[in-house]
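Here is a short guided walk through a protein model. Keep the sequence and the 3D view side by side as you read.

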Amino acid sequence: MAFGAPLSSTDTMPIVSPGFTGRRQSPDVQLPPGQYLAEDFPVLTAGPTPRVSTDRWQFTINTEAGQRYDWSWQQLIELPAEKITTDIHCVTKWSKLGTRWKGVSLDVLLEDVETAADFALVQSYGGYTTNLPLEDLIDGQAWIAYRYDGEELTPEHGGPARLLVPHLYFWKSAKWVRGIQLLLEDEPGFWESAGYHDYGDPWREQRYQGD
Amino acid sequence: MSDTHVDTHVDGNALAGDLREIFAVDLTVATGQCSGCGYKGSVASLRVYQNAPGVVARCPACEEVVLRLVRGRDRAWLDLRGTVSLEIPLPS
Amino acid sequence: MTASARSLVFDVPGWPGHLPGQHVDVRLTAEDGYSVQRSYSISSAPDGERFELTVQRVDGGEVSPYLCDVLPVGAEVELRGPVGGWFVWRATDQAPVTLVAGGSGIAPLMAMIRARAAEGSRVPFRLIYSVRTPDDVCYADELRRRAREDGGLDVHIVYTRRAPEGWPGVPGRLGLAELNTHAWPADFAPNVFVCGPTGFVETVSDVFVALGHDPRRVRTERFG
């Protein structure tokens, strides 16, 4: 078919391609709705991959009152770390099970931070941002991860360090994380301001605004 | 062409199909101006990152995001805040 | 074709016709609804309701092995296009043309070469085609024939890994010297079309700009 038949419309039946399966495994576990198992670890990127050396890496939490808390790389890796094994779900429909990470819980980083904020805007080297409620960053739900599968986290996957918030779609787990701005009012991030859901719970299939 | 998932960009040409679904004319031949650095060039010459939740087009001069397009099930979101203006050729 | 590429011919009722250099978006859908989309350049000259795509098989790829090895003849495929009005050659433009292909980047440039012949255009064309080995040359016989018969078409092949026996020179990457010798000089204000992998296109377009070409006349199509 030529023009006049948009590829993604819901009111036309797609043409099934005989024998086409895609590069997937058959799921033997329950995945969130609309997800497929990935056999590799796809690399998604909205721009050039930042190469940040750990010498000049810094992580900063800024509060709504203008207070600032900083960690150097050395300070970060000296904090108590946890090993996390978790499933991850990307909004582009792949899921990966049992991924293994090491990182510092946000509970540790936020322990001494005085704030009345309800929201967080996560900021990355390279300019990426993503927003989430502060309550989703605490109580053992989020980490600054710096090792993946027993190795240093590569730049392609967000190294030196990325946010890991596995209970939300993986775009919330910002690569190349450099800080968190705490806010009284919610402020949409990079994808949240371009059609993606503000919260992004994969089990409720909150992909797009209005879902 | 290729379908490997590597961390590289393609040209704005690759936006043609998605934009043609929304607009009556081919926007890749339009001349856009970047709000970051003022660079002017065709949409077809932008740097496009496609292995992402949406399509992100960046200025070839300063890498500022000039266009974002997200395709949902029954709607699309087009964000042009990085573009000052688009000059679109039309038949005379 | 080569061992790793396949040409697919499509008949599309109501096809509006295409311009040489344009592409189509191909969507594949599995029985359970999973679907993926890729862009492929059209490699044929405009020809009624029929056109050809040339697909390079990428090992481990999700789409190209399916299109090359599995898709049955006669199957229907979901297509969107033709699209793209920038990386396009128009026979009305009289400026000389330099075409530079890296690997399967030859496809849209082949459409231009074929359209030029079909239209009886006398615009001088120079093709510089970079391949790894002689076995990787797409349309090898046709290019040899056209270089002989299509007046005003020069074909220069660059081998980066292994050259045919008796080939003058050694295999190596396409660089400034080769482009300076075999492409139209900047003074002629040629239209330049470069298509190939991202790194290849990056290098070649930088060389053209360094050789004094107007960047706006150097049109590129990267395929990631």
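This is a predicted model, and chain B is a good place to see how confident the prediction is. The average pLDDT of chain B is 91, and 92% of the residues score at least 70. Residues 1-6 of chain B are another matter, since the pLDDT there is below 50. Even so, that stretch has 21 contacts in the model beyond near neighbours in sequence.

**The fold of chain A**

Now turn to chain A. Its secondary structure comes to two helices and 12 strands. If you follow the sequence from start to end, the pattern reads β-β-β-β-α-β-β-α-β-β-β-β-β-β. The radius of gyration of chain A is 19 Å, close to the 17 Å that the globule rule gives for 211 residues, so chain A is as compact as a globular protein of that length. Along its principal axes, the C-alpha trace of chain A spans about 60 × 40 × 30 Å.

How many of the residues of chain A count as buried? The share is 36% of the 211 residues. Contacts in chain A also reach along the sequence: among those between residues at least 6 apart, 63% join residues at least 24 apart.

**How chain B meets its partners**

Chain B touches both chain A and chain C, and we can take the two sides in turn. On one side, 19 residues of chain B are in contact with 25 residues of chain C. Strand E1 (10-11) and helix H1 (16-20) of chain B each supply at least two residues of that side. The most comes from H1(B), with three residues.

On the other side, the contact takes 19 residues from chain B and 21 residues from chain A. Here strand E5 (55-58), strand E6 (65-71) and strand E7 (76-79) of chain B each supply at least two residues. E6(B) gives the most to the side that touches chain A, with three residues.

The table sets out the residue classes on each side of chain B.

| Side of chain B | Nonpolar | Polar | Charged |
|---|---|---|---|
| Touching chain C | seven residues | eight residues | four residues |
| Touching chain A | six residues | four residues | nine residues |

**The nonpolar core**

In soluble globular proteins, nonpolar side chains tend to be buried together. In this model, the largest nonpolar core has 128 residues. Those with the most contacts inside the core are A:Ile144, A:Ala145, C:Leu99, C:Leu109, C:Phe193 and C:Val204. Helix H2 (residues 106-119) of chain C gives the most to this core, with eight residues. Domain 1 (5-83) and domain 2 (97-222) of chain C both give residues to the core, so it lies between them.

Try zooming in on one member of the core. Which residues does A:Ile144 touch, not counting residues up to four places away in sequence? The residues are A:Phe59, A:Leu76, A:Gly103, A:Val104, A:Leu109, A:Ala161, A:Leu163 and A:Val177.

**The two domains of chain C**

The domain assignment of chain C gives domain 1 (5-83) and domain 2 (97-222). The C-alpha centres of these two domains lie 24 Å apart. The contact between them takes 11 residues from domain 1 and 12 residues from domain 2. On the domain 1 side of that contact, five residues are nonpolar, six are polar and none is charged.

**Backbone details to look for**

Two peptide bonds before proline deserve a visit. The bond from A:Gly159 to A:Pro160 is cis, with omega near 15°. You will find A:Pro160 in the loop between strand E10 (151-152) and strand E11 (162-164) of chain A. The bond from C:Gly81 to C:Pro82 is also cis, with omega near 0°, and C:Pro82 lies in strand E5 (residues 78-83) of chain C.

Next come two residues other than glycine with a positive phi. Phi of A:Lys93 is near 90°, and A:Lys93 is in the loop between strand E5 (82-89) and strand E6 (94-105) of chain A. Is A:Lys93 buried or partly exposed? It counts as partly exposed because it has 17 C-beta neighbours inside 10 Å.

In chain B, phi of B:Glu63 is near 70°. B:Glu63 is found in the loop between E5 and E6 of chain B. With 17 C-beta neighbours inside 10 Å, B:Glu63 counts as partly exposed.

Technical notes: Residues are numbered from 1 along each chain as its sequence is written. Chains are lettered from A and ligands numbered from 1 in the order in which they are written. This is a predicted model: local features need pLDDT of at least 70, side-chain atom pairs count only at pLDDT 80 or more; totals for chains, interfaces and linings use all residues. Helices (H or I, at least four residues) and strands (E, at least two) are DSSP runs, numbered from the N terminus. The radius of gyration is taken over C-alpha atoms; the globule rule is 2.2 Å times the number of residues to the power 0.38. A residue is buried if 20 or more other C-beta atoms lie within 10 Å of its own, exposed if 12 or fewer, and partly exposed in between; C-beta atoms are placed from the backbone. Two residues are in contact if their C-beta atoms, placed from the backbone, lie within 7 Å. Ala, Val, Leu, Ile, Met, Phe, Trp, Tyr, Cys and Pro count as nonpolar, Asp, Glu, Lys and Arg as charged, and the others, Gly among them, as polar. A nonpolar core is a set of buried Ala, Val, Leu, Ile, Met, Phe, Trp, Tyr and Cys residues joined through C-beta atoms within 7 Å. Domain bounds come from an automatic or database domain assignment. pLDDT is the predictor's confidence in each residue, from 0 to 100.
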